[in-house]
Amino acid sequence: MLKKQNIVFFMLCIAWLSSFFVSMISNYKPSTFLIKGIVSVIILGLIYFDSVSVKNRSVIIESKELIKKLLVILLIVVTIPAVTLLYSSNPLYGSIKLASIIISTVPCVLGLYYIVLTFDAGRLKVFLTSVILMTAPLTLAALILKPFSFIAPFSFSLTNWSHVLFARFISSALVLLLILHFKLTGVKHLYVSGLIIFILLSGILLSGHKASILGVLLSALFIAAYNGYKISWRSPAIYTCAIALILSLTIVFFVSGNDESIRRASTIVTPEKLTAEGGVAARLLLWERAIIYGNDNLPFGTGLGGFYTEEVLGEELLDLKYPHNVISVSYTH
């Protein structure tokens with residue numbers, strides 16, 4: 001049960017998780033900017049209401065110098081791209097990208113910094129509760145609906161989700177839970193944590209998002225190895241984590257998965273198939289162009305938005321509507 005003083009903080013955590021999710025939307029439609037702007041305003045408002053308590057106000061006063069350093073870093077992050085607009089070959093597109101950073105990314109960073117800055121044992125539990133409430137039901141819904149068709153990426157609906165947005169969001173939460181999982185001591189807590197890890201990992205495998213699957217598996221191996229070396233290889237946390245992995249692989253590959261998600265996940269261990277994937281091939285080509293034109297425009301580059309021009313990408317790549325690459329998502333759509 002949430003204590004009265006933690007209700008605002010719980011709302012802030014939910015708002016921040018929502019901000020983190022919508023910040024990954026790569027198109028620049030007015031509706032997307034509106035959603036990002038509303039969520040950012042809510043975050044900043046909740047930070048204000050939460051900071052008025054005596055305890056949080058004192059934390060902010062004590063951390064004044066750290067906060068100043070963060071603000072300076074954010075100012076630099078915004079100022080440098082803004083200056084490059086003066087010589088960008090596509091300043092309109094660059095301005096829209098800059099607006100997205102200011103409207104969405106900056107408030108999201110400020111929200112996370114404030115949450116971490118004011119952590120104590122009670123607020124950490126509230127944050128974890130919000131993470132679980134935001135991710136576990138979403139993943140269970142995905143396991144039931146199987147909404148990742150991989151066919152019509154621009155036709156999103158309640159039964160057709162973006163596997164990339166879903167996997168990035170869930171995998172970030174899962175890595176956090178994996179870190180905290182190895183800090184638990186009670187058997188009951190370990191079982192509950194293991195169950196949640198199983199649910200989230202099953203959802204990531206079902207999504208077929210290769211980067212998230214590989215990132216989570218490598219992170220889990222590293223975290224388990226580190227804790228096994230530092231604490232004990234006989235730790236119940238390692239066993240529960242391993243069981244969650246085995247069960248999730250079994251569920252997705254033999255019970256609840258679909259052929260396309262399994263095929264996409266399996267390309268991780270077959271490099272020749274991985275590089276032949278449409279999304280991977282498009283990225284490799286775009287990276288090649290970026291290296292060529294980056295070297296040709298040293299040391300200042302082409303300016304923010306300057307990469308998105310026909311001169312750099314060519315007509316065939318300029319018209320490529322690849323939904324998860326902000327370079328190729330036109331601001332006119």
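Reader: Why is threonine 135 called buried?

Author: In this predicted model, threonine 135 has a relative accessible area of 1%. Buried means under 20%. The value is under that cut-off, so threonine 135 counts as buried.

Reader: Where is threonine 135 placed?

Author: Threonine 135 is in helix α6, which spans residues 121–145.

Reader: Which residues is threonine 135 in contact with, leaving aside its neighbours within four places in sequence?

Author: They are Phe169, Ile170, Ala173 and Leu200.

Reader: What makes the pair of threonine 135 and valine 131 a polar contact?

Author: A polar atom of the threonine 135 side chain lies 2.7 Å from the backbone oxygen of valine 131. The cut-off is 3.5 Å between N or O atoms. The distance of 2.7 Å is within 3.5 Å, so the pair meets the distance limit.

Reader: Why is helix α1 called oblique to helix α7?

Author: Take the angle. The axes of α1 (residues 7–22) and α7 (residues 163–181) cross at roughly 140 degrees. Roughly antiparallel needs an angle over 145, and roughly perpendicular runs from 65 to 115. An angle of roughly 140 degrees falls in neither class, nor is it under 35, so α1 is oblique to α7. The two axes come within 10 Å.

Reader: Is that crossing left-handed or right-handed?

Author: The crossing of α1 and α7 is right-handed.

Reader: Which residues make the contact of α1 and α7?

Author: From α1 come Leu17, Phe20 and Phe21. From α7 come Leu165, Arg168, Phe169 and Ser172.

Reader: How do the residues of that contact divide into nonpolar, polar and charged?

Author: Five are nonpolar, one is polar and one is charged. Arg counts as charged, so Arg168 is the charged one. Ser172 is the polar one, because Ser belongs to neither of the other groups.

Reader: How do you know that histidine 209 is buried?

Author: Histidine 209 has 9% relative accessibility. That is under the 20% limit, so histidine 209 counts as buried.

Reader: Where is histidine 209 found, and what does it touch beyond four places in sequence?

Author: Histidine 209 is in the loop between α8 (187–207) and α9 (210–230). It touches His163, Val164, Ala167, Arg168 and Ile204. Histidine 163 is 46 residues away in sequence, while the C-alpha atoms of the pair are 6.5 Å apart.

Reader: What secondary structure does the chain have?

Author: The chain has 14 helices and zero strands. Of its 333 residues, 43% count as buried.

Key: Residues numbered from 1 in each chain as written. Predicted model: local features only at pLDDT ≥ 70, side-chain atom pairs only at ≥ 80, totals over all residues. Heavy atoms only, no water. Axes fitted to C-alpha atoms, helices over the stretch in contact; angles between N-to-C directions. Helix = DSSP H or I, 4+ residues; strand = E, 2+ residues; numbered from the N terminus. Left-handed = near helix turned anticlockwise from the far one by under 90°. Contact = heavy atoms within 4.5 Å. Buried < 20%, exposed > 50% of the residue type's maximum accessible area, 1.4 Å probe, protein only. Polar contact = N/O pair within 3.5 Å; in protein donor to acceptor, adjacent residues only side chain to side chain.
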